[in-house]
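Hi,

Here is the structure I promised to send over. Have a look through it first, and then read on for my notes.

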Amino acid sequence: MNVAVKKGDADKVRLDFKGLLAEKGIVRVLFIDDAFEPVSNFEPTEIEAGEIWSAIQEKDELISEAAERGIASQEELTADIIKAVREGQESDLRTLFDQSDYVTHHTSKLDRLKPAMDSLTAADIDVRTAGREDWEDKLDGVNIVFLDWYLGVDGKQEAIDKASTTARKIHSSPHKPLIVLISSDPAVKNDAPTFRESSKLIGGLFDAMPKQWLADQHGIILQMTALADIFSKGHVVQAFVDNLNSQTAGAIKAFTDVVQELTLSDYANLQHFALKKDGHPLGDYLVNLLTGLWSDALFRGDLKKSLKDLDRQDFASLPAFSEPSSAFAKIYNSAVFDMHVEDFGPHPQQDPEKNEEAGLHLSLGDLIVAEGEKPEKVFIIMNPECDLAASPRGKRVIPGDQSILLLPGDLVPIDHADRSARKTLPDTPFFVLDEKQKFRIHWNITGLHSVPYSDFKAWLGPKKRRACMRPLYILSLQQAVHAHLTRVGLPSPPPIYEGLTTTLKSTFGGKFLNEDVTLQQGKYVMARDTEDDQVAFTTECVNKIKELVVKGVAKLAASTVAKDAEYKAAIETALLEPEEWGQVLRPFKLPRAGAKFFGDSVFVCREDKATEAQLSRKTLVCVVVK
């Protein structure tokens with residue numbers, strides 16, 4: 001049932017579970033799991049065969065019947081022998097085989113999948129099933145594939161390799177369904193990145209979850225709400241990655257073909273006539289020159305189309321179902337800074353015998369860091385490039401009294417930075433000094449000062465050049481220093497994901513029950529004001545919230561307080577609405593007063609609000625964020 005609700009001046013339709021899946025175009029799913037194969041496809045393990053053989057040895061009747069079947073040792077307990085006995089007449093040996101761990105462990109796999117299959121079927125989804133080898137003919141029109149992590153014996157690497165091979169084949173199909181790795185082993189979430197890398201998938205068309213998360217109706221709605229929200233957008237991102245992979249080899253060839261056309265005379269003419277007078281090193285010049293050639297060679301054809309498709313995307317409704325990768329931090333940092341620079345030294349063309357008396361080779365944007373375990377200060381060279389030009393083999397030198405302009409900046413850990421400072425001061429919102437040290441740089445305009453070139457070595461002391469800010473960004477910083485009225489607009493920095501701790505506290509009747517669960521979550525630290533920061537719960541956390549709410553609902557059902565029946569009905573209704581799940585699956589701002597979900601049964605707050613005075617009788621779970 002779809003319900004129309006009033007929101008501001010516009011009517012908004014809240015979709016039920018069936019309506020959500022239909023709107024997102026999810027009509028068919030496929031479960032690939034060895035649970036759908038007969039147990040006779042798998043030989044009993046040594047432990048399983050040993051348990052059966054030990055049980056046979058305990059009764060003379062079983063020993064006799066086994067002997068009649070040609071079973072004289074543990075080694076003869078093969079899958080075919082067990083199958084033949086189980087398909088034969090009723091007997092004590094058949095009963096023993098039916099009740100063995102070898103058989104029941106296999107049949108229990110199917111029992112764990114049945115709730116998910118039944119719930120999806122009830123939502124008018126075409127549910128298909130397949131074993132390890134018979135899935136390809138069933139893939140047509142499938143939107144989501146639930147793929148067992150262990151396609152074979154649990155815990156065996158060959159079973160994981162089989163699943164990885166299957167994932168690659170699924171991904172190579174024309175319509176590329178969303179692949180969800182499932183397993184009875186909770187470690188599937190931790191090992192999912194390795195599996196994704198080996199299968200060449202991106203997070204947009206790949207997820208992983210324990211089968212336990214699909215064990216009840218609420219869990220199904222939760223997980224399918226998360227998957228449905230990313231279903232269409234995942235294809236766009238995956239197409240970009242696929243086109244990037246397929247086009248790179250051709251781009252490299254096109255790039256190198258042009259470079260190989262250059263003759264020795266071209267290099268000589270460039271250096272002698274264009275660069276020598278100003279002393280610009282040829283290699284440094286080529287880096288900037290060839291960057292445009294590489295971009296032109298790569299971003300064309302299908303990849304250009306993928307970029308336009310990405311331009312049209314709006315990820316406003318994407319739930320934070322997994323922790324963001326650190327890749328964006330690396331990408332943004334490399335866009336702003338060249339981190340592959342050496343410490344200061346003489347000009348590349350300087351006579352080595354005169355290095356001691358020679359000055360240092362400087363460039364606009366050189367970033368200088370005072371070395372230490374916890375660096376706090378940086379300086380950046382602000383001189384126009386022409387002021388720093390020198391030619392050891394020509395006549396151009398930097399005068400000793402040339403002022404080297406140095407702009408100081410404070411290195412502030414990103415989770416402690418005053419992000420509103422960007423409104424009044426030049427600010428570099430993200431700088432990764434190394435994997436463990438991530439900063440914002442607050443530039444101090446009033447601290448701009450100069451050092452004569454002849455004194456620069458002495459001023460430098462133990463400080464070192466650690467990076468060089470790239471042209472667009474250092475020019476923007478120059479303009480900010482010289483004239484606040486003429487700034488260069490920059491691409492917005494991505495949100496930075498920082499860890500935080502959440503404690504899930506069960507409550508009932510307005511009291512805490514001392515049944516705490518602590519999980520590591522995260523928040524999006526925005527480049528804008530602190531108030532824009534957003535809490536991001538993983539699906540593991542939301543799944544645990546769901547479990548605690550369901551337990552609390554059971555307590556309401558057993559309560560003799562009249563109002564509890566009314567609260568129970570309201571909470572159960574909320575648990576069946578995908579939009580309710582979507583609110584906690586997506587990043588959200590956490591007001592100072594806290595936030596409530598699922599008919600006020602879940603209260604999310606900071607530590608200072610986690611008191612019983614803030615709880616109501618409706619509250620079943622208090623999520624404390626710190």
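Below is what I found in it, starting with confidence and then going place by place.

First off, this is a predicted model. The chain has a mean pLDDT of 86, with 91% of its residues at 70 or more. The stretch to watch is residues 3-10, where pLDDT stays under 50. The model does give that stretch 11 contacts beyond four places in sequence. Still, predicted coordinates should not be read in detail where pLDDT is low.

Next, the second largest pocket. It holds about 1100 Å³ of space, and 37 residues line it. Which of them lie nearest its centre? Those are His280, Asp284, His361, Ser363 and Cys468. Two or more lining residues come from each of these elements: helix H10 (264-275), helix H11 (282-298), strand E15 (464-469) and helix H15 (471-482). H11 gives the largest share, five residues. Sorted by class, the lining has 18 nonpolar, nine polar and 10 charged residues.

Now for a lysine you might like. Lys109 belongs to helix H6 (residues 101-122). Is Lys109 buried or exposed? Its relative accessible area is 7%, under the 20% cut-off, so Lys109 counts as buried. Its side chain has a partner, too: there is a polar contact of 2.9 Å with the side chain of Asp34.

Then there is a set of contacts that links several parts of the chain. Gln223 sits in helix H9 (residues 217-261) and is buried, because its relative accessibility is 1%. Apart from neighbours within four places in sequence, Gln223 is in contact with Met209, Trp213, Leu214, Thr539 and Asn543. For a sense of distance in the other direction, take Lys176: it is 47 residues from Gln223 along the chain, and their C-alpha atoms are separated by 20 Å.

One of those contact partners, Thr539, is worth following further. Thr539 is part of helix H16 (residues 539-558), and it is likewise buried, at 1% relative accessibility. From Thr539 you can step to Leu585: the two are 46 residues apart in sequence, yet 6.9 Å apart in space, C-alpha to C-alpha.

Leu585 in turn takes you to helix H18 (residues 578-585). How many of the eight residues of H18 are buried? Six are, which leaves the helix mostly covered. Besides Leu585, the buried ones are Pro578, Glu580, Trp581, Gly582 and Val584.

Last, two backbone oddities. Most residues other than glycine have a negative phi. Asp124 has a positive one, near 65 degrees, and Asn514 also has a positive value, near 60 degrees. Where does each of them lie? Asp124 is in the loop between H6 and strand E4 (126-130), whereas Asn514 is within strand E17 (residues 511-525). Asp124 counts as exposed because its relative accessibility is 58%, over the 50% cut-off. Asn514 is exposed as well, with a relative accessible area of 72%.

If you open the model now, the pocket and its H11 residues, the Lys109 and Asp34 pair, and the contact of Gln223 with Thr539 are the places I would show you.

Cheers

Note on methods:
Residues are numbered from 1 along each chain as its sequence is written. This is a predicted model: local features need pLDDT of at least 70, side-chain atom pairs count only at pLDDT 80 or more; totals for chains, interfaces and linings use all residues. Side-chain values use heavy atoms; hydrogens and water are left out. Helices (H or I, at least four residues) and strands (E, at least two) are DSSP runs, numbered from the N terminus. Buried means under 20% relative accessible area, exposed over 50%, partly exposed in between (1.4 Å probe, protein chains only). A polar contact is a pair of N or O atoms within 3.5 Å; within protein, one must be able to donate a hydrogen and the other to accept it, and residues adjacent in sequence count only if both atoms are side-chain atoms. On a 1 Å grid over the protein atoms alone, a cavity is a set of points where a 1.4 Å probe fits but cannot get out, and a pocket is an open set with protein on both sides within 12 Å along at least five of seven lines; lining residues have an atom within 4 Å of a point. Grid points are joined across faces, edges and corners, and a volume is the space filled by probe spheres set on the points. Ala, Val, Leu, Ile, Met, Phe, Trp, Tyr, Cys and Pro count as nonpolar, Asp, Glu, Lys and Arg as charged, and the others, Gly among them, as polar. pLDDT is the predictor's confidence in each residue, from 0 to 100. Contact means heavy atoms within 4.5 Å.
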